[in-house]
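This report introduces a structure to a reader who has not met it before. Please look through the sequence and the model shown here before reading on.

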Amino acid sequence: VQLVESGGGLVQAGGSLRLSCAVSGSISDLAAMAWDRQAPGKQREMVARITSGGNTNYADSVKGRFTISRDDDKNTVYLQMNDVRPEDTAVYFCFADRLSGGHYYTVAWGQGAQVTVSA
């Protein structure tokens, strides 16, 4: 499985941006897809996650502003980012999990997409 992110860039505070993560295989083979982010000097943070069943969860810091979705026909996962803030500035990574023995394990990571929010 390979993941390729796109859609990063520079956006003003209050604006919107959509990140895409294309999966080189069948997304339906994956138990979950997620986005996390790494900001300079900060710990890596899980941003949003979606399971194969469509269940989602979000970091408190992005709830109500970001939406994760998946298009199984296009083998792509999206992160719609609305009302962005300067503190959302980070490199965003897509990753894919499979499920075995009741536990999720990561099988692939994307290369990262830089998102910069200007005040």
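## Salt bridges in the model

A salt bridge is counted here where a side-chain nitrogen of Lys or Arg lies within 4 Å of a carboxyl oxygen of Asp or Glu. The model is a predicted one, and a search of the whole structure finds 7 such salt bridges. Arg37, Glu45, Arg65 and Asp88 are joined in a network of salt bridges.

## Arginine 37 and aspartate 88

One of the salt bridges brings together the side chains of arginine 37 and aspartate 88, at 3.0 Å from N to O. Arginine 37 belongs to strand 4 (residues 32–38), whereas aspartate 88 sits in the loop between strand 8 and strand 9 (90–100), so the pair ties together parts that are 51 residues apart in sequence.

Both partners can be placed with respect to the surface. Arginine 37 has a relative accessible area of 7% and is therefore buried, since buried means under 20%. Aspartate 88 is buried as well, with a relative accessible area of 0%.

## Two further pairs

The side chains of aspartate 97 and arginine 49 also form a salt bridge, with 2.9 Å from N to O. Because aspartate 97 lies in strand 9 and arginine 49 in strand 5 (residues 45–51), this pair ties together parts that are 48 residues apart in sequence. Aspartate 97 is buried, its relative accessible area being 4%, and arginine 49 is buried with a value of 16%.

Another salt bridge is made by the side chains of aspartate 36 and arginine 44, where the N to O distance is 3.0 Å. In this pair aspartate 36 is buried, with a relative accessible area of 10%, while arginine 44 is partly exposed, with a relative accessible area of 39%.

## The open sheet

The structure also contains an open sheet of 4 strands, which follow the order 1-3-8-7 and pair in the antiparallel sense. Strand 1 (3–6) and strand 7 (66–71) stand at the edges of the sheet, and because each has a single partner strand, one side of each is left without a neighbour there. From one strand to the next, the twist averages 15 degrees.

The edge strand 7 pairs with strand 8 (residues 76–81) in the antiparallel sense, and 6 bridges connect the two. Within this part of the sheet, arginine 70 stands opposite valine 77, which is in strand 8.

Terms used: Residues numbered from 1 in each chain as written. Predicted model: local features only at pLDDT ≥ 70, side-chain atom pairs only at ≥ 80, totals over all residues. Heavy atoms only, no water. Pairing = 2+ DSSP bridges. Axes fitted to C-alpha atoms, helices over the stretch in contact; angles between N-to-C directions. Buried < 20%, exposed > 50% of the residue type's maximum accessible area, 1.4 Å probe, protein only.
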